[in-house]
Amino acid sequence: MKTLIAILFAHFIRKKNQNWINNPIKHQQNTLSKLISKSTKTEFGKDHGFDKINSYEVFKKNVPARDYEGLKKYIDKVVNGGRNILWPGKPLSFAKTSGKNKLELMP
């Protein structure tokens, strides 16, 4: 019985993975859309027009790449207890990374 369940589960996972492998752009666009939708009402989302983002091209235009220093004003607000700054709610904890004086948000 366990073997049958394991085989069926493996078949399900293989089929699911194959779908992702065959359609990576579609799945990445769906993931981006879900993340943007979830964070539209955050301070970061409002500052970067997440409510108007409907494609990766618009995302690239609205959200420039930046380092820790470029996000510091948002991170400081989160560290000081702010809610809905970079992601809905508040992170449960922070973890120091290998970077000098940098914190990693842990949802």
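Student: Which residues form one aromatic cluster here?

Tutor: Phe44, Phe50 and Tyr74 form one. Keep in mind that this is a predicted model.

Student: How is a pair of aromatic rings described?

Tutor: Two values describe such a pair: the distance of the ring centres and the angle between the planes. In the structure as a whole, a search finds 3 aromatic pairs. For Phe44 and Phe50, the centres are 5.9 Å apart and the planes stand at 85 degrees, so this pair is edge-to-face. An angle over 60 degrees is what earns that label. Tyr56 and Phe59 form a stacked pair, with 6.5 Å from centre to centre and 25 degrees between the planes. Here the cut-off is under 30 degrees.

Student: How far apart are Tyr56 and Phe59 along helix H4?

Tutor: They are 3 residues apart in helix H4, which means a separation of about one helical turn.

Student: Are Phe44 and Phe50 buried or exposed?

Tutor: The value to read is the relative accessible area, and buried means under 20%. Phe44 has 10% and is buried. Phe50, at 6%, also counts as buried. For the stacked pair, Tyr56 has 47% and is partly exposed, and Phe59 counts as partly exposed at 21%.

Student: What share of the protein's residues is buried?

Tutor: Buried residues are 18% of the 107 residues. The accessible surface comes to about 8,500 Å², and carbon and sulfur atoms hold 58% of that surface.

Student: Which residues make the nonpolar surface patch?

Tutor: Met1, Leu4, Ile5 and Leu8 make a nonpolar patch of about 470 Å². One of them, Leu4, belongs to helix H1, which covers residues 2-22.

Student: How many helices and strands does the protein have?

Tutor: There are 5 helices and 2 strands. Reading from the N terminus, the order is α-α-α-α-α-β-β. To see how parts distant in sequence meet, look at the contacts with a separation of 6 or more: 33% of them are between residues 24 or more positions apart.

Student: How many salt bridges are in the whole structure?

Tutor: First the idea: a salt bridge pairs a side-chain nitrogen of Lys or Arg with a carboxyl oxygen of Asp or Glu, within 4 Å. By that test, a search of the whole structure finds 4 salt bridges. One of them joins the side chains of Glu43 and Lys77, at 2.4 Å from N to O. Glu43 lies in helix H3 (residues 43-47) and Lys77 in helix H5, so this pair ties together parts that are 34 residues apart in sequence. Glu43 is partly exposed at 21%, and Lys77 is partly exposed at 35%.

Student: Which residue forms a salt bridge with Lys60?

Tutor: Glu57 does, and the closest N and O atoms are 3.6 Å apart. Lys60 and Glu57 are 3 residues apart in helix H4, about one helical turn. Lys60 counts as partly exposed at 44%, while Glu57 counts as exposed at 51%. The line between those two classes is drawn at 50%.

Student: What is the N to O distance between Asp76 and Lys72?

Tutor: Their side chains meet in a salt bridge at 2.9 Å. Asp76 and Lys72 lie 4 residues apart in helix H5, again about one helical turn. Asp76 has a relative accessible area of 29% and is partly exposed; Lys72, at 30%, is partly exposed too.

Student: Where is Arg66 found?

Tutor: Arg66 sits in the loop between helix H4 (56-62) and helix H5 (68-79). Its relative accessibility is 29%, so Arg66 counts as partly exposed.

Student: Which residues does Arg66 touch, not counting those up to four places away in sequence?

Tutor: Arg66 touches Phe44, His48, Leu71 and Tyr74. Two of these names, Phe44 and Tyr74, also appear in the aromatic cluster. With His48, the side chain of Arg66 makes a polar contact of 2.8 Å. The side chain of Arg66 also reaches the backbone oxygen of Pro64, at 3.3 Å.

Conventions
Residues are numbered from 1 along each chain as its sequence is written. This is a predicted model: local features need pLDDT of at least 70, side-chain atom pairs count only at pLDDT 80 or more; totals for chains, interfaces and linings use all residues. Side-chain values use heavy atoms; hydrogens and water are left out. Buried means under 20% relative accessible area, exposed over 50%, partly exposed in between (1.4 Å probe, protein chains only). Contact means heavy atoms within 4.5 Å. Accessible areas come from the Shrake-Rupley method with a 1.4 Å probe; for residues, only the protein chains shown count as cover. A polar contact is a pair of N or O atoms within 3.5 Å; within protein, one must be able to donate a hydrogen and the other to accept it, and residues adjacent in sequence count only if both atoms are side-chain atoms. Patches are made of residues with over 30% relative accessible area and no salt bridge: like charges are joined within 9 Å, nonpolar side chains (Val, Leu, Ile, Met, Phe, Trp, Tyr) within 5 Å. Rings of Phe, Tyr and Trp (its six-membered ring) pair if their centres lie within 6.5 Å; planes under 30 degrees apart count as stacked, over 60 as edge-to-face and the rest as tilted.
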